[in-house]
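Reader: I should like a close look at one part of this protein. Please describe the second largest pocket, together with the contacts and surface beside it in your account.

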Amino acid sequence: MFSLSAASSASTAAAAAAVVNTVQQSLSTVPSAVLRKQRTPGSSIFWVQVQTAAASSSLRSRFCPVKAMSHPQTLSVPTDDSHSSAPGKKQALISLSDKKDLAVLGTGLQELGYKIVSTGGTATALEKAGVSVTKVEQLTSFPEMLDGRVKTLHPNVHGGILARRDQKHHMEALNEHGIGTFDIVVVNLYPFYDKVTSAGGIAFEDGIENIDIGGPTMIRAAAKNHKDVLVVVDSEDYPALLEFLKGNQDDEQFRRKLAWKAFQHVASYDSAVSEWLWKRTSEDKFPPNLTVPLSLKSSLRYGENPHQKAAFYVDKSLSEFNTGGIATAIQHHGKEMSYNNYLDADAAWNCVSEFKNPTCVVVKHTNPCGVASRDDILEAYRLAVKADPVSAFGGIVAFNIEVDEALAKEIREFRSPTDGETRMFYEIVVAPKYTKKGLEILRGKSKTLRILEANKNEKGKLSLRQVGGGWLAQDSDDVTPQDIQFNVVSDKTPTENELHDAEFAWLCVKHVKSNAIVIVKNNCMLGMGSGQPNRLESLRIAMRKAGDEVKGAALASDAFFPFAWKDAVEEACESGVGVIAEPGGSIRDKDAIDCCNKYGVSLLFTNVRHFRH
């Protein structure tokens with residue numbers, strides 16, 4: 001650096017002109033030197049552009065800032081290498097919002113001989129930890145500005161990150177401009193996700209201010225140039241980084257893995273910003289482009305079958321934040337969850353969560369094979385198992401209330417209704433919470449029993465399903481019996497109990513795979529038929545399971561009956577059901593009405609279909 005005294009404090013511009021003249025005189029011995037000056041509007045900073053003719057006769061250009069110093073009559077011009085690193089000097093750039101283990105990282109790098117360049121609060125934290133730091137503004141000769149929006153967006157930073165060490169002209173350019181290289185870049189981003197999902201929400205302007213610009217730019221630059229620059233975005237990688245630096249051999253795969261993680265980190269960050277901005281811009285639930293950020297929760301032993309590899313991911317979309325579901329359930333006990341376990345547990349939990357009264361649901365292969373609601377949850381559990389004890393064995397049992405000591409004992413000791421001797425076996429128990437004693441008792445039932453504690457799924461979620469080469473997106477099916485009208489279209493009006501059973505059956509059939517038929521009496525599923533290519537066959541399966549109890553029961557069908565006479569409707573009426581609930585909408589609806597009138601059965605149209613494929 002060198003400084004000059006200005007002739008008058010009243011004219012900064014005149015003083016700067018004097019500096020330019022001095023610089024020009026000092027370069028008078030340089031052939032073909034060309035100087036141009038320009039003032040930054042509204043500031044006391046001037047830029048001097050120097051073009052010199054190189055040996056190759058090509059013009060090289062650089063800008064030097066001319067800046068007023070603290071003394072009102074003094075100006076300063078930084079020399080080319082005032083804060084540049086010496087050739088071969090190892091440098092690390094650190095800029096963190098989350099400063100977890102920062103002291104360990106900074107100390108470790110310093111001990112390995114790295115010069116550390118840092119920004120703002122990160123630099124302060126490092127200094128407090130006793131780590132020597134060069135602040136980024138010393139490197140750029142430019143202050144942080146625009147309320148922190150511009151700190152690292154400068155050639156002295158990005159040139160040092162992006163320069164390829166194996167390209168001679170890259171290194172010559174750095175040398176010409178007095179820019180040192182960075183070997184390590186450690187950056188994480190403004191906590192945008194946490195801010196916009198915080199309790200009470202966040203104002204739009206505050207959300208915008210929490211969108212990181214400089215951070216992603218440095219991360220992407222370092223990741224692109226990972227052959228020469230190690231980029232770290234996760235504090236969990238600090239130990240591996242330090243160990244790698246202590247070694248003598250390079251590892252291309254290690255560098256690539258860090259680069260992949262960096263790009264993935266930025267992509268997830270950008271997806272959150274995009275999702276948030278879309279919701280603040282449009283009421284359309286289906287944007288033209290959709291990115292779903294997924295985070296690996298666990299590798300699974302296998303998929304649906306042992307020959308298929310599998311893994312489980314958690315959806316990190318803003319729309320899924322704190323909205324419940326099996327993905328975020330706590331596992332208190334048992335073997336690791338399998339692919340099929342997740343599917344079955346999800347089906348059981350989604351079903352049982354829809355009921356308001358104390359309810360037990362038993363699921364096998366994603367279909368509820370037993371459902372019962374009672375004030376006494378022990379009775380509800382016994383009835384749910386009784387509906388189909390053969391299917392219930394090895395299934396998933398779910399409750400919508402706390403599992404206490406008494407219920408846990410009943411789950412542990414209950415014998416199969418088929419023989420009264422075989423103790424029931426389950427893969428999973430899932431509930432919203434457990435008492436300490438209840439959890440202790442369940443743990444004693446089996447070493448393998450998976451015990452899950454889950455929060456209820458919120459309504460209004462986006463449902464995604466994959467097909468070959470694409471995805472289907474739809475609203476989740478949140479319609480309940482309380483949301484619809486059960487319109488009586490027959491001569492016979494159902495009794496109050498029959499109507500309640502029809503509503504219960506309607507809520508059950510919604511969770512059964514199409515074609516679906518459910519038979520219910522006294523808030524208890526008696527039988528169900530699922531997944532058959534024709535509705536008549538599903539009906540026959542459900543009636544066979546219900547047995548003699550079908551008389552006076554309620555029957556629900558997830559879709560309309562295409563035929564009535566000598567088909568499903570007439571067979572149901574002949575079996576003695578008291579009421580049938582279906583969507584209606586068939587061209588043969590009148591046949592169904594006439595058939596029910598003939599047999600004295602109540603028929604309800606809901607005008608809502610519940611297909612489940």
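Author: The account below treats the pocket, then a salt bridge, then a surface patch and a cavity. The model is predicted, so that local features need pLDDT of at least 70 and side-chain atom pairs count only at pLDDT 80 or more, whereas totals for chains, interfaces and linings use all residues. Residues are numbered from 1 along each chain as its sequence is written, and side-chain values use heavy atoms, with hydrogens and water left out.

The second largest pocket holds about 1100 Å³ of space. Its lining has 32 residues, and the closest to the centre are Val 233, Asp 234, His 265, Ser 268 and Ser 295. Two or more lining residues come from each of α7 (192-196), α10 (238-246), α11 (252-279) and β11 (294-300). Helix α11 gives the most, with eleven residues. By class, the lining has 17 nonpolar, seven polar and eight charged residues. A pocket is an open set of points on a 1 Å grid over the protein atoms alone, where a 1.4 Å probe fits, with protein on both sides within 12 Å along at least five of seven lines; a cavity is a set from which the probe cannot get out, and lining residues have an atom within 4 Å of a point. Helices (H or I, at least four residues) and strands (E, at least two) are DSSP runs. Nonpolar here covers Ala, Val, Leu, Ile, Met, Phe, Trp, Tyr, Cys and Pro; charged covers Asp, Glu, Lys and Arg; the others, Gly among them, are polar.

Asp 234 also forms a salt bridge (a side-chain nitrogen of Lys or Arg within 4 Å of a carboxyl oxygen of Asp or Glu) with Lys 261, the closest N and O atoms being 3.0 Å apart. Because Asp 234 lies in the loop between β10 (230-232) and α10 and Lys 261 in helix α11, the pair ties together parts that are 27 residues apart in sequence. Asp 234 is partly exposed, at 24% relative accessible area, and Lys 261 is partly exposed at 27%; the term lies between buried (under 20%) and exposed (over 50%), with a 1.4 Å probe and protein chains only.

Leu 290 is in the loop between α11 and β11. This residue belongs to a nonpolar surface patch with Val 292, Leu 294, Leu 296, Tyr 313, Leu 464 and Trp 471, of about 680 Å² accessible area together. Patch residues have over 30% relative accessible area and no salt bridge, nonpolar side chains being joined within 5 Å.

Finally, the structure holds one cavity of 30 Å³ or more, and the largest cavity has a volume of about 40 Å³.

Definitions and conventions
Grid points are joined across faces, edges and corners, and a volume is the space filled by probe spheres set on the points. Patches are made of residues with over 30% relative accessible area and no salt bridge: like charges are joined within 9 Å, nonpolar side chains (Val, Leu, Ile, Met, Phe, Trp, Tyr) within 5 Å. Accessible areas come from the Shrake-Rupley method with a 1.4 Å probe; for residues, only the protein chains shown count as cover.
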